[in-house]
Amino acid sequence: MQDVYTTAQLLMIIAGIVMLIFGSIGNLLNIYVFTLWSRSHRSQRDPHNTNQAKNSALYLLASSVSNLIIILYPLLTRIIFDGFDYSVSSYEVISLCKFRFFVLHTCDLLSLTCFCMATFDRYLMTSRNVHLRNLSTTKKRTIQIILLILFLLCLHSIPLLIFFKNSSTNDCDVDSNEYYYYYLFVIQIFLHGILPIVFLSIFGTLTFRQLNRLQINSRLNVDKQLSRMLLLMSLAIILSSIPYCIEQIHYGMFSRDDQQQSALVFLLHVISSLLFYTNPVSSFYIYFVSTPHFRREVQRLVFRDKHHHRFINNQIHTIDKLHHSH
């Protein structure tokens with residue numbers, strides 16, 4: 001069993017560091033692209049429709065910022081906890097227990113909520129029903145919705161700052177039997193698992209059906225690519241959330257097993273944790289592979305930097321030649 005435990009630790013260290021590096025790079029590029037999309041100029045033909053089309057980009061921008069925070073703080077500390085068997089001391093409770101879980105659940109729920117809102121907005125915008133399309137809000141109202149969601153989630157996560165404490169085994173645990181069941185079944189299982197799975201399954205399927213009815217033209221092509229991108233990311237979220245949800249249900253239904261089984265349980269915990277963090281890590285790579293418009297924005301950034309460096313080098317060589325000629 002010790003070999004299983006060691007394997008689980010190595011898996012967390014190696015896979016976690018890879019996810020940390022590629023996830024940080026990917027979400028920084030996400031932030032760049034979605035910032036451009038949310039600031040795109042209005043169309044003279046249909047400024048209201050173009051302004052509504054920015055809603056998904058704004059939601060995805062907020063989701064990407066949240067994902068970057070999750071990767072740089074909760075994921076990094078999870079690697080330290082599980083990979084290096086780190087025990088939280090009494091003077092680290094605020095930073096590694098209370099504030100960590102506050103940031104983790106606030107940012108993850110914000111990311112999931114904004115992604116669900118982006119999917120719902122695509123459902124509205126791809127509908128043939130004029131009344132449904134008109135339900136899509138303006139850019140200003142979308143920003144207000146995002147800020148309201150953030151405010152409500154921060155209020156909802158305040159009990160985490162109160163009830164998370166250092167246990168007798170130097171682990172972070174909830175120090176309240178009543179709140180523990182709310183945290184496990186409502187926050188962990190329902191909000192992080194069942195609700196986004198059901199929501200994305202329903203509206204992802206509805207959007208997919210509406211996409212098949214749309215005729216592709218130059219005006220709808222970008223919107224259709226964005227809708228397809230959200231659909232693929234929805235599928236990834238559903239698949240990665242199911243093991244995490246199962247683990248939390250198992251943890252709530254059964255008490256801790258004996259020492260002979262604890263190593264295997266720890267391995268399954270590491271695998272489900274890595275799958276849980278796959279959502280904030282993999283979004284950029286799903287967007288890049290599935291969406292030509294997104295891919296062109298990233299390539300434009302990379303090639304622009306190369307062109308900039310090439311221009312500077314040519315200028316330096318030109319100056320050197322002029323200097324030697326004199």
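In the predicted model, Cys 97 has a relative accessibility of 0% and therefore counts as buried. This residue takes part in a disulfide with Cys 172, the two sulfur atoms lying 1.9 Å apart, and the count of disulfides in the structure comes to 1. The pair links distant parts of the chain, given that Cys 97 belongs to helix α3 whereas Cys 172 belongs to strand β2 (residues 172-174), with the two positions 75 residues apart in the numbering. The torsion about the S-S bond of Cys 97 and Cys 172 is about -90 degrees, so the disulfide is left-handed. Cys 172, with a relative accessibility of 19%, also counts as buried, because the cut-off for that class is under 20%.

Two further cysteines were examined for possible bonding partners. For Cys 107, the closest cysteine sulfur is that of Cys 154, and because the separation is 8.0 Å, the two are too far apart for a bond; a disulfide requires sulfur atoms within 2.5 Å. Cys 107 counts as buried, at a relative accessibility of 11%. For Cys 116, the closest cysteine sulfur is in Cys 114, at 9.4 Å, which is likewise too far for a bond. Cys 116 is buried, with a relative accessible area of 10%.

The UniProt record, an unreviewed entry, lists residues 12-37, 58-81, 101-124, 145-164, 180-208, 229-251 and 263-288 under "transmembrane region". Two of these listed spans can be described from the coordinates of the model. Residues 12-37 are 100% helix and 0% strand, and the C-alpha atoms at the ends of this span lie 35 Å apart. Residues 180-208 are also 100% helix and 0% strand, with the end C-alpha atoms 38 Å apart.

A search of the whole structure for enclosed space finds 3 cavities of 30 Å³ or more. The largest cavity has a volume of about 120 Å³ and is lined by 15 residues, of which Ser 63, Asn 67, Ser 111, Met 233 and Asn 279 lie nearest its centre. Helices α2, α3, α7 (221-253) and α8 (259-290) each supply at least two residues of this lining. By residue class, the lining of the largest cavity divides into 7 nonpolar, 7 polar and 1 charged.

The second largest cavity holds about 40 Å³ of space, and its lining consists of Asp 108, Leu 112, His 192, Ser 241, Phe 276 and Asn 279. The elements that give two or more residues to the lining of this second cavity are α3 and α8. The lining residues of the second largest cavity comprise 2 nonpolar, 3 polar and 1 charged. Asn 279 thus appears in the linings of both the largest and the second largest cavity, and helices α3 and α8 are likewise named as contributors to both linings.

A feature of the backbone was also noted at Asp 85, which lies in the loop between α2 (47-83) and α3 (93-125). Most residues other than glycine have a negative phi. Asp 85, although not a glycine, has a positive phi of about 55 degrees. This residue is partly exposed, with a relative accessible area of 47%, a value that falls below the limit of over 50% that applies to exposed residues.

Conventions: Residues are numbered from 1 along each chain as its sequence is written. This is a predicted model: local features need pLDDT of at least 70, side-chain atom pairs count only at pLDDT 80 or more; totals for chains, interfaces and linings use all residues. Side-chain values use heavy atoms; hydrogens and water are left out. Helices (H or I, at least four residues) and strands (E, at least two) are DSSP runs, numbered from the N terminus. Buried means under 20% relative accessible area, exposed over 50%, partly exposed in between (1.4 Å probe, protein chains only). UniProt positions are given in the numbering used here, feature names are shortened, and annotations may be inferred rather than shown by experiment. On a 1 Å grid over the protein atoms alone, a cavity is a set of points where a 1.4 Å probe fits but cannot get out, and a pocket is an open set with protein on both sides within 12 Å along at least five of seven lines; lining residues have an atom within 4 Å of a point. Grid points are joined across faces, edges and corners, and a volume is the space filled by probe spheres set on the points. Ala, Val, Leu, Ile, Met, Phe, Trp, Tyr, Cys and Pro count as nonpolar, Asp, Glu, Lys and Arg as charged, and the others, Gly among them, as polar.
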